[in-house]
Amino acid sequence: MLARLGFWRNKFASSSIISFIFVTISQFSLTLIPHYFSSFSFLAQLSLSALLLLAISGLGKACRLFLLRVHALAPAFVFFNILFIWGVHVTVIRKEIALLWNIVFNAECILLIFGLYSIVYGDPGLVAYKEGELLQNEFSDIKSDTEDHRSLKVDPFCEQHIPKFISQNSLPMTRIRYCKYCRAYIRGFDHHCPAFGNCIGKNNHLLFMALLVGFVMVEASYIACSTQFVRKFEIGDEVMLESTLFGNLAISTRLFSTLQVLWQVLFLFWHLYCICVNIKTDEWMNWNKYPEFQNLPWFQPEQSNLQPSFTNPYDKGVLLNIKEFLSLKE
């Protein structure tokens, strides 16, 4: 037991170090964009930054898989990126902007890190069950002949926090699904989030949405602060800004934050839409696996290949759907 615990600690430490190195390399590599392409427009620099990050990501993945044999830890990657942006703000940008902006940005970073810790180590809605007993019914996607499911044991965290066993009849109401990454059953399962290293379910879905909004707010605030910083140098000495590491960091981190905001806003609107129509991401992607989402047409003799159409039995209207989402843990 102690040997296994030591193995996982060493693996966690190695993965965190890899994440830190990857963040450092990618962030400092982005400073090459404003340094060598200062005459390019902001949109052109943004496109080059996206291509550079994709290239570094592909190269980093190849190195981790074939050379180091160690994978980066996604939550650590997110955490170190926040720290890097925060560090640039404190060491470079803070002195050139108003005190109120500094207070707001620092407070947002503190809340974001606290929320990140809470969702990484929080309970998404784990379901406890007896060893060898499968939770099956017509509304679940569980296959009785799956060997992995037979070998599952009661998670100690589940046993401590959710001691009651879930009855078969309650499954359609709680929308319990199986996560193949966590090897666990999750109540209100939406998806497994690699960035947070945890499932998104009934107990942490609201926190997940708050974190999405938090990331957008932090990055938008940083873009505003770094823009003020850059404009002061443009009025004064633009050449000095582009020839110093601190100046390039201010510009490159603004480019990075802009890229993050672009995809995170789209991601946020998608999840808002799912909440308004009361459907989970997993259910939308795999609706043909869940019978309650399949509307079977009446059989006609001349039609041999009838395909079920999609129907959402959980949609109660926008207001009731939002009210159900905002309800407290069960």
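I searched the whole structure, which is a predicted model, for aromatic pairs and found 18 of them. I looked first at Y117 and Y121, whose ring centres lie 5.0 Å apart with planes at 45 degrees, so I entered the pair as tilted. Both residues belong to helix α5 and are four residues apart, which places them about one helical turn from each other; I also noted that Y117 and Y121 are both exposed.

I then turned to F208 and F267, where the ring centres are 6.2 Å apart and the planes stand at 85 degrees, so this pair is edge-to-face. Because F208 lies in helix α9 and F267 in helix α11, the pair ties together parts that are 59 residues apart in sequence. I checked accessibility for each: F208 has 1% and therefore counts as buried, whereas F267, at 26%, counts as partly exposed. Ring pairs join F208 and F267 with F196, F215 and W263 in a cluster.

Next I looked up the largest nonpolar core and found 41 residues in it, with F196 and F208 among those that have the most contacts inside it, alongside I82, V88, I93, F105 and M209. At least two core residues come from each of α3, α4, α5, α9 and α11, and α9 contributes the most, with 10. For F105 I listed contacts beyond four places away in sequence, and these are I85, W86, H89, V218, S221 and Y222.

Last, I recorded two arginines whose charged ends sit over tyrosine rings: R175 over Y314, 3.7 Å from the ring centre, and R177 over Y290, 3.8 Å from the ring centre.

Technical notes. Residues numbered from 1 in each chain as written. Predicted model: local features only at pLDDT ≥ 70, side-chain atom pairs only at ≥ 80, totals over all residues. Heavy atoms only, no water. Core = buried A, V, L, I, M, F, W, Y, C linked by side-chain atoms within 4.5 Å. Buried < 20%, exposed > 50% of the residue type's maximum accessible area, 1.4 Å probe, protein only. Contact = heavy atoms within 4.5 Å. Phe/Tyr/Trp six-rings, centres within 6.5 Å; stacked < 30°, edge-to-face > 60°. Lys NZ or Arg CZ within 6 Å of the ring centre and 35° of its normal.
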